[in-house]
Amino acid sequence: MNLKSLIPELEVSNLDRSRAFYCALLGWTVLYERPEERFVMLELHGSQLMLEELGDAPSRFHSAVL
C-alpha cells in the first residue's frame, strides 16, 4: 500500500517571524518558497510543513467553529 504523507499548511500573521522561528530556532530548512505569494514550504527530518501569510484576501481554508 502506498500511503501519502499529510503536509499541514498553516496560515500565519507574519511569515518572516514564523520562518525565523521554525528555521533558526527549531532547525527546519526551506524547500520551496513563493515570496510574491508570501508562502514557504519547510522540511525537517522528512516531515514537511507549509506556511502562508494571511493577507487581505479571505482564507482558502477554514475550520469549523465548534
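**Exercise 1. The sheet**

In which sense do β1 and β4 pair, and over how many bridges? Then work out the strand order and the place of the helix.

*Solution.*

Step 1. The model is predicted. In it, β1 and β4 run parallel to each other, joined over 4 bridges. One contact to look up is E9, whose bridge partner in β4 is M50.

Step 2. Move on to β3. Strand β3 pairs with β4 (residues 47–53) in the antiparallel sense, over 6 bridges. Here E43 faces Q48 in β4.

Step 3. Add β2. Strands β2 (residues 29–34) and β3 (residues 39–44) are antiparallel, with 5 bridges.

Step 4. Put the order together. The 4 strands make an open sheet, β1-β4-β3-β2, with mixed pairing. Its edge strands are β1 (9–12) and β2, each of which pairs on one side only. From one strand to the next, the twist averages 25°.

Step 5. Place the helix. Helix α1 (residues 15–25) packs on the sheet and touches β1, β2, β3 and β4. The direction of α1 makes about 160° with that of β4.

**Exercise 2. The two hairpins**

Find how many residues lie between the strands of each hairpin, and which turn residue has a positive phi.

*Solution.*

Step 1. Take β2 and β3. This hairpin has 4 residues between its strands. In the turn, R38 has a positive phi of about 55°.

Step 2. Take β3 and β4. This hairpin has 2 residues between its strands. The turn residue H45 shows a positive phi of about 50°.

Step 3. Look beside the β2–β3 turn. R34 stands opposite F39 in β3. The charged end of R34 also sits over the F39 ring, 4.1 Å from the ring centre.

**Exercise 3. Salt bridges around R38 and R34**

Which residues are linked with R38 in a network of salt bridges?

*Solution.*

Step 1. Recall the principle. Oppositely charged side chains can pair when their charged atoms come close. The count for this model is 4 salt bridges.

Step 2. Start from D16. Its side chain meets that of R38 in a salt bridge of 3.4 Å, N to O. D16 is in helix α1 and R38 in the loop between β2 and β3, 22 residues apart.

Step 3. Follow R38 onward. R38 also forms a salt bridge with E53, with the closest N and O atoms 3.0 Å apart. R38 is in the loop between β2 and β3 and E53 in strand β4, so this pair ties together parts 15 residues apart in sequence.

Step 4. Join the pairs. D16, R38 and E53 are linked in a salt-bridge network. R38 is partly exposed at 27% relative accessibility, and E53 is partly exposed at 23%.

Step 5. Check R34. Its side chain meets that of E37 in a salt bridge of 2.8 Å, N to O. R34 is partly exposed at 24%, as is E37 at 41%.

**Exercise 4. The aromatic cluster**

Which residues do ring pairs link into a cluster? Is Y22 buried or exposed?

*Solution.*

Step 1. Count. The model has 3 aromatic pairs.

Step 2. Describe one. F21 and Y22 pair edge-to-face, 5.3 Å from centre to centre, with 85° between the planes. The label fits because planes over 60 degrees apart count as edge-to-face.

Step 3. Name the cluster. Ring pairs connect F21, Y22 and W28.

Step 4. Compare accessibility. Y22 has a relative accessible area of 18% and is therefore buried, the cut-off being under 20%. F21, at 39%, is partly exposed.

Terms used: Residues numbered from 1 in each chain as written. Predicted model: local features only at pLDDT ≥ 70, side-chain atom pairs only at ≥ 80, totals over all residues. Heavy atoms only, no water. Pairing = 2+ DSSP bridges. Axes fitted to C-alpha atoms, helices over the stretch in contact; angles between N-to-C directions. Contact = heavy atoms within 4.5 Å. Phe/Tyr/Trp six-rings, centres within 6.5 Å; stacked < 30°, edge-to-face > 60°. Buried < 20%, exposed > 50% of the residue type's maximum accessible area, 1.4 Å probe, protein only. Lys NZ or Arg CZ within 6 Å of the ring centre and 35° of its normal.
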